[in-house]
Each structure stands twice: as C-alpha cells, then as structure tokens.
Amino acid sequence: MKLNFSGSHSQSHTIAGLFLLLLPLLLPNLFGPLGRASPSMFSEWNAPKPRHMALLRGALQRQTSVQQQSRLWSPLANQGWKPCAETTKVPLPEKSRGYIQVFLDGGLNQQKMGICDAVAVAKILNATLVIPHLEVNPVWQDSSSFTEIFDVDHFIDVLRDEVSIVKDLPSEYSWSTREYYGTGIRATRIKTAPVHATANWYLENVLPVLESNGIAAIAPFSHRLTFENLPANLQRLRCKVNFQALAFVPHIRALGDTLVNRLRSSPSKNQAAQTKYLLLGRDQIGKQNAGKFVVLHLRFDKDMAAHSACDFGGGKAEKLALAKYRQVLWQGRVLNSQFTDEELRNQGRCPLTPEEIGLLLAALGFDNNTRLYLASHKVYGGEARISTLRKLFPLMEDKKSLASVEERAKVEGKASLLAAVDYYVSMQSNIFISASPGNMHNALVGHRAYMNLKTIRPNMALLGQLFLNKSMEWSEFQRAVLDGHKNRQGQIRLRKEKQSIYTYPAPDCMCQA
C-alpha cells in the first residue's frame, strides 16, 4: 500500500520535523557540541519554579496526628492469600532434548521476566536451559552479565528439580554464540517467536529444531510466552523463578543491607537540624515511626519526559528542546503528541514530577521526619528539579548519600546493578510508591503483593485533574488524595486475562489461606 503524504496536514508535520532537525544548524549558538542545547536555552538543567505554589505552601505547613501516622505506617492486614509457588514434583526426563539459548534485551526487570519465561519454555520442551545471555542495554550502555547480577549457583540449586540448567554449553556447541547469530542466517536460530506465544507454538516450531540440531537459540525473546491457557504447574514455576530463584549476587545484597540499616537508624544531627519538628514536641510520632522508611521510585528521565509530550513548566525553551529530542529519537511517532497537555493530564498519562510526587506523599500523611529513600537513575533537570521534593522531605536519601564511594565501587556506572540495589532496598521498605508506571513499578507491585507488603499506587487520572485545578486549597487537595487512594495501598488484585503474573501473582501463584 502506498501512503499519500500530499495532504496539508502531513506536509505541516514534515516541515515541522525538518525545522526541528535543522535548528542546530540554523541557530548554532543555541546549541552546544553535537547539537546539545546550551545552558541558556533549551536546557534540561534550568528547572522551572514550583508549579503548585499554593499547594506547596500548605504542604510545608502540614501537621499530622499520631492516629494518622499510625494508620499510614501500619502493615497490611492478612488478606487471606499466601505465596504458593511450589509445584507438583515431576521427575526430570532421563534425557534432555537439547539446549535452549535465549538472548534478552531491555533493562533489569524486563530481563528478569525473560529469564522466568525461558525456564518455563525449557520445561515445555524438556530441554536444558543455558544461563541466559543479557544484551547490552542500548539506553544505559550496561553490559552486565547474568552472573554479575544474579547468584547463579542459587538459581540452579532452587530449580534443580524443575529444569536442567547449565552455565555454559559443552565444547561441541561452543560455536553457538551471540556473534555467530549476528553475522548471518542460521538454522539453529528462532527469530519468529510471536509475542505471547503459546506452549503449542514452541512444541511445533522449536522442538523440531532441537531434535535436528541439539540446540535452538531464540532471539528476540522478550514477552514471548503467553499468560493464558498454561498448566498451573507452569505458571507457578514462573513465579518460583521470579520470587525465589532470582536472588542478587552477595555484594549487591550486602550493599542493600548497608543502605537499609542506615535508613532504619536515627538521622544525623545535621539532618535533624533541617526539620522543623524533630525533637520539638514530636517525640511520640518519632518513637512510633523509628526504624521505618519509605522508598520512592522516581522515574523522570529525559526519555520519559519527551515521550510523554506533557508540559512540565519549563516554558517554550523546554517544550522546544523536548520536541527536538522527540523528533530525533522517534521521528515524531509519539501518540501522546496528538493531545493537549490538559487532555493528557485528565487521562492520567503524564508522569508525576518530583514536585508533584512530593505533594502526593505529603497529602497522604508523610511528614518532614519521614525517612525517604529515592530510587532513581537520572532525573531530568538534575538536583534543581528535585529541590522542591527535598524541601518537603529533608531526610531524603539515595545511594550516594548513604554509602561511600568505596562501598559503591562495584556497582557504580552499571545501570543494572544500581537498579538491583534499588530493587533490593525497595523490597525491605515499610512502604513503596512509584511515581509512574513502568517495568520497575510493575515488578515491585507484583513482588510486594506476593509478600503482602504495603505498596501505594498513585491514581494518575485523579492527580492529573487535581494538579490542573490551580485554585484548589491544601485541605481540599488532601481530602481528595486520601479518598482517592484508600484502595490503592497493596490490596490484592486478581489477575485478569492478558495481564502479567509478574504484576498480578494472584490467583496463579498464590493460594487462599
């Protein structure tokens, strides 16, 4: 089919795209090297002033009662469900049908899902799984391998009665490498696996390759196994991999434990001096919340900001910079760019800024004595963008503030290892909240539901509408937030058709107690 671009609407989009691409050439002084915006114009570092000043003033003067704090920090009551990932033991076949290799792209949590699916596919085929190959992350340029992130011996040991797993291929298959499949069409490579393929698809398309060659390499493999119409044993096996077998390597767990211990200890005198209430008549709340902390997963990077097509208060300069970035990366193929900022916010499609997530936390009842751990990689706008959040929560910490350069040496500069540390700390927290949906959010929502841990899911549509109302006072905002989040604090939600068991583990991987 030939596409017709002769209409005026298409021409205007084309001209706009060309204009954005040519801007660095037409106005070179506005851009730094390689077309980067200079600090004075289009800068991601010149963070806008707070957008919700009336709410911010109310939040900074907030006070919470002992009863409110008690409700907020109390753990979830028993909901009648318990983890149930143990499978009915079926003896492993005496002879494996061959070796399965998978090559996994994406970030840490997407790769974790791929690993779980790979174990299940090996089970379906009665094959031996080779420890999965993790591709270099194209966004963060992280080349960390499976054995650098996960405890491989623990992984094999937990699954030893379920699936045959080897660290490396035997010498007769040493030719089957990532480089081998990247240089030509190979009979042993399966590259046509559909998204959410059925068990029968693997039996019909991969098993013959295994039986003919003794090995099959599947790439791409992300999201290549269905969540529907699979035996209960297979679903539970996937959860067993996710929640039991995939443990991080000891040095990640050790650093995570160090961070958790420091978060649970009393803040330093310098930190205490930054809060209004600490040691000033707040003893009862302070004692009640001693040793407790909340993790905020803040995903607000430049890619997300640009792809959302939302307005974040940086004026024309920021809008133009993000539009240029969007055009270069996605050639204008961004669905959200068809809508106005108001329409996107009413639909809950704009990521929360650090300022907005801070106002949400304050409205939920977190006071300025809260020990808040910030799990994030790189925030668009840097420290200037986070400053309002820090005003609301002066005891906010992250990896750098809690651990020395020496303690962080093994993970520094490696996005997957840094994400693993954040994941580990998040699973130890009293409360977890994520500023926007994504793989990290989904993974932790599922894992914490499995363990019955309190997890607050922001009501994005409600918040979008509230933040559009510039005349709203703090008391009204707080009431609306509290009402809108009563049933979004970790209550079990049963998985619906096509939803992921990694985000919704009940009822597939949980039993009613």
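This is a short walk through the open and enclosed spaces, the nonpolar cores, one buried helix and one central strand of the model above.

Hi everyone, and thanks for coming. Please keep in mind that this is a predicted model.

Let me start with the pocket. The largest pocket has a volume of about 850 Å³. Lining that space are 37 residues, and Gly107, Trp140, Arg299, Asp301 and Met440 are the closest to its centre. Which elements give two or more residues to this lining? They are H4, helix H14 (302-308), helix H20 (415-428) and H21. H20 provides the largest share, with 5 residues. For those of you thinking about chemistry, the lining divides by class into 16 nonpolar, 14 polar and 7 charged residues.

Now to the enclosed spaces. The model has 3 cavities of 30 Å³ or more. The largest cavity holds about 130 Å³ of space. It has 14 lining residues, and Val445, Ala449, Gly490, Gln491 and Arg493 lie nearest the centre. Here helix H21, residues 439-450, makes the largest contribution to the lining, 3 residues. So you meet H21 twice: in this cavity, and among the elements of the pocket lining. By class, the cavity lining has 7 nonpolar, 4 polar and 3 charged residues.

The second largest cavity comes to about 50 Å³. I can give you its lining by name: Asn109, Lys112, Met113, Asn242, Tyr423, Ala443 and Tyr502. Of these, 4 are nonpolar, 2 polar and 1 charged. Which helix gives the most to this lining? That is H4, residues 108-125, with 3 residues.

H4 comes back when we turn to the packing. The largest nonpolar core has 86 residues, and Ile100, Phe155, Tyr202 and Val241 have the most contacts inside it. The largest share of this core, 11 residues, is supplied by H4. Apart from that core there is another one, of 48 residues, including Leu72, Phe300, Met472 and Phe477. If you would like to zoom in on one residue, try Val241. Leaving aside residues up to four places away in sequence, Val241 touches Ile115, Cys116, Val119, Phe155, Leu159 and Leu246.

Next, a helix that I enjoyed looking at: H17, residues 354-364. Why can we call H17 largely enclosed by the rest of the structure? Because 11 of its 11 residues are buried. Among these buried residues are Glu355 and Glu356, along with Ile357, Leu359, Leu360 and Leu361. Just after H17 comes Gly365, with a positive phi near 120°.

Finally, the strands. Strand S9, residues 372-375, pairs with two others. Strand S8, residues 294-297, runs parallel to S9 and is joined to it by 4 bridges. In that pairing, Val295 stands opposite Tyr373. Strand S10, residues 396-397, also runs parallel to S9, with 2 bridges between them. There, Met396 is the bridge partner of Leu372.

What about the side chains? In a regular strand, they alternate between the two faces of the sheet. In S9, Leu372 and Leu374 point one way, Tyr373 and Ala375 point the other way, and all are buried.

To bring it together, H4 gives the most to the second largest cavity's lining and has the largest share of the largest core. That is my tour, and I'm happy to rotate the model for anyone who wants another look.

Conventions:
Residues are numbered from 1 along each chain as its sequence is written. This is a predicted model: local features need pLDDT of at least 70, side-chain atom pairs count only at pLDDT 80 or more; totals for chains, interfaces and linings use all residues. Side-chain values use heavy atoms; hydrogens and water are left out. On a 1 Å grid over the protein atoms alone, a cavity is a set of points where a 1.4 Å probe fits but cannot get out, and a pocket is an open set with protein on both sides within 12 Å along at least five of seven lines; lining residues have an atom within 4 Å of a point. Grid points are joined across faces, edges and corners, and a volume is the space filled by probe spheres set on the points. Ala, Val, Leu, Ile, Met, Phe, Trp, Tyr, Cys and Pro count as nonpolar, Asp, Glu, Lys and Arg as charged, and the others, Gly among them, as polar. A nonpolar core is a set of buried Ala, Val, Leu, Ile, Met, Phe, Trp, Tyr and Cys residues joined through side-chain atoms within 4.5 Å. Buried means under 20% relative accessible area, exposed over 50%, partly exposed in between (1.4 Å probe, protein chains only). Contact means heavy atoms within 4.5 Å. Two strands pair if DSSP finds at least two bridges between them.
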